[in-house]
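This briefing takes up two topics, aromatic contacts and one helix, and is meant to be read alongside the sequence and the coordinates.

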Amino acid sequence: MSSLLRLATAGSVDDGKSTLVGRLLYDTKSVLADQLDAVTRASVDKGLSTPDLSLLVDGLRSEREQGITIDVAYRYFATPKRSFVLADTPGHVQYTRNTVTGASTAQLAVLLVDARKGVIEQTRRHAAVLALLGVPQLVLAVNKIDLVGYDEATFTVIAEEFAAHALSLGYPRGSVLAIPVSALEGDNVASRSERTPWYTGPSLLEHLEDVPVAPDPHDSALRFPVQYVIRPRTPEYPDYRGYAGQIAAGTVRPGDEIVVLPQGIRSRVERIDTADGPLEEAGAGTSVTLLLTDDIDISRGDLIAAADAPPRVTDEITGTLCWLSSKPLKPGARVLVKHGTRTVQALVDELHARFDEQALSSVAAPASLELNDIGLVTLRLAEELGVDDYGVSPRTGAFLVIDPKDGDTLAAGLVGERFS
């Protein structure tokens with residue numbers, strides 16, 4: 001079992017995400033005494049008799065004053081069984097872009113619903129985004145179960161409705177677990193509650209500790225976006241030429257045959273350097289400097305890949321976009337595409353479809369994509385890129401669409417058709 005779990009929370013406004021995260025931090029004793037004292041004082045100032053645990057997560061002053069989450073709040077906590085990196089994402093529709101950010105590296109997502117409201121439009125939208133990003137495991141936390149009298153029938157209706165929706169999005173049976181919780185009271189958060197005797201499953205924390213997660217992509221083909229070329233040209237290292245970056249996928253060893261893209265030039269790895277000395281093997285997530293046996297013209301933005309399993313090189317990408325800008329996207333728009341460490345100019349060639357996450361259907365040939373729309377788009381690139389389908393290699397199958405005028409991020413893109 002993996003010792004680290006990356007997870008994200010999502011849900012609608014006022015579903016209690018920050019309170020749930022605060023409860024997890026509090027119950028796992030991951031809160032420093034001075035932090036708890038500060039939260040207690042702030043809670044007293046608000047007229048509360050008990051600490052408002054959401055304040056442990058909502059760190060921005062504007063968030064505290066409004067009682068909402070705006071930015072993605074990353075928190076780290078651990079139990080004897082596992083360590084966790086948690087992203088608490090916003091619930092407001094206009095902050096869906098931050099949900100995309102927080103969930104983009106998650107191995108599991110906790111999606112909250114208010115037991116009094118059930119599955120609503122934003123619940124379905126967030127579930128669609130999580131499916132789009134390929135988050136493999138979902139937990140439906142039916143929060144505020146105390147406010148419906150710990151009623152089993154209410155929980156069952158919500159759980160069954162969401163299970164059907166998740167199945168329609170492509171989640172297999174058994175990949176979604178529904179848990180009745182009260183973040184405020186602590187029911188079924190760290191330990192199982194006596195007030196829900198009809199629920200026989202694990203508490204949220206028990207599930208997070210034991211759920212199996214996919215390993216990091218060490219066993220896939222090598223993908224190494226070049227971030228920087230190191231040429232010291234000193235008396236000590238007159239001919240040193242190293243290519244620095246972080247391994248996006250796969251492993252690399254001295255002697256491995258590689259191909260440099262988009263040029264298509266082949267060579268072999270001579271050495272793997274790090275700040276702590278050379279390595280005999282390095283895997284995904286490791287920052288290294290590669291030295292090759294041949295003197296090749298390589299620059300930032302090039303991709304070093306396994307020669308026997310390279311990505312396809314193309315000047316056209318058909319991919320699924322989550323549109324994150326208030327400016328609509330229309331055919332003919334000129335944008336920038338950032339893929340790995342390379343940024344190229346691009347033209348929006350065609351809008352094939354827009355996904356309706358409420359009806360679970362596609363609208364063919366839309367005139368535009370609006371804020372928070374999910375659509376299938378073809379982009380023509382000014383330069384070739386080496387890309388993978390997102391389902392094959394998420395790190396080299398993802399890209400950003402950027403406004404060339406001001407540098408704002410317009411969309412998160414995934415190579416390939418994620419929704420039919």
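In this predicted model, the structure holds four aromatic pairs. Two of the pairings described here involve Phe 155, one with Trp 198 and one with Tyr 199, and these three residues form one aromatic cluster.

**Aromatic cluster**

- The ring centres of Phe 155 and Trp 198 lie 5.5 Å apart with their planes at 40°, and because that angle falls neither under 30 degrees nor over 60, the pair counts as tilted.
- This pair links distant parts of the chain, since Phe 155 belongs to helix H6 (residues 152–168) whereas Trp 198 sits in the loop between strand S6 (176–180) and helix H7 (204–210), 43 residues apart.
- Phe 155 has a relative accessible area of 9% and is therefore buried, while Trp 198, at 21% relative accessibility, counts as partly exposed.
- Phe 155 and Tyr 199 make an edge-to-face pair, with 6.3 Å from centre to centre and 75° between the planes.
- That pair also links distant parts of the chain, joining Phe 155 in helix H6 to Tyr 199 in the loop between S6 and H7, 44 residues apart, and Tyr 199 is buried, as is Phe 155.

**Helix H5**

- Helix H5 (residues 121–132) comprises twelve residues and reaches 17 Å from its first C-alpha to its last, close to the 16 Å expected at 1.5 Å a residue.
- H5 is mostly covered, with ten of its twelve residues buried, including Arg 125, His 126, Val 129 and Leu 132.
- Gly 134, which follows H5, has a positive phi, near 75°.

Terms used. Residues are numbered from 1 along each chain as its sequence is written. This is a predicted model: local features need pLDDT of at least 70, side-chain atom pairs count only at pLDDT 80 or more; totals for chains, interfaces and linings use all residues. Side-chain values use heavy atoms; hydrogens and water are left out. Helices (H or I, at least four residues) and strands (E, at least two) are DSSP runs, numbered from the N terminus. The expected span of a helix is 1.5 Å times one less than its number of residues. Buried means under 20% relative accessible area, exposed over 50%, partly exposed in between (1.4 Å probe, protein chains only). Rings of Phe, Tyr and Trp (its six-membered ring) pair if their centres lie within 6.5 Å; planes under 30 degrees apart count as stacked, over 60 as edge-to-face and the rest as tilted.
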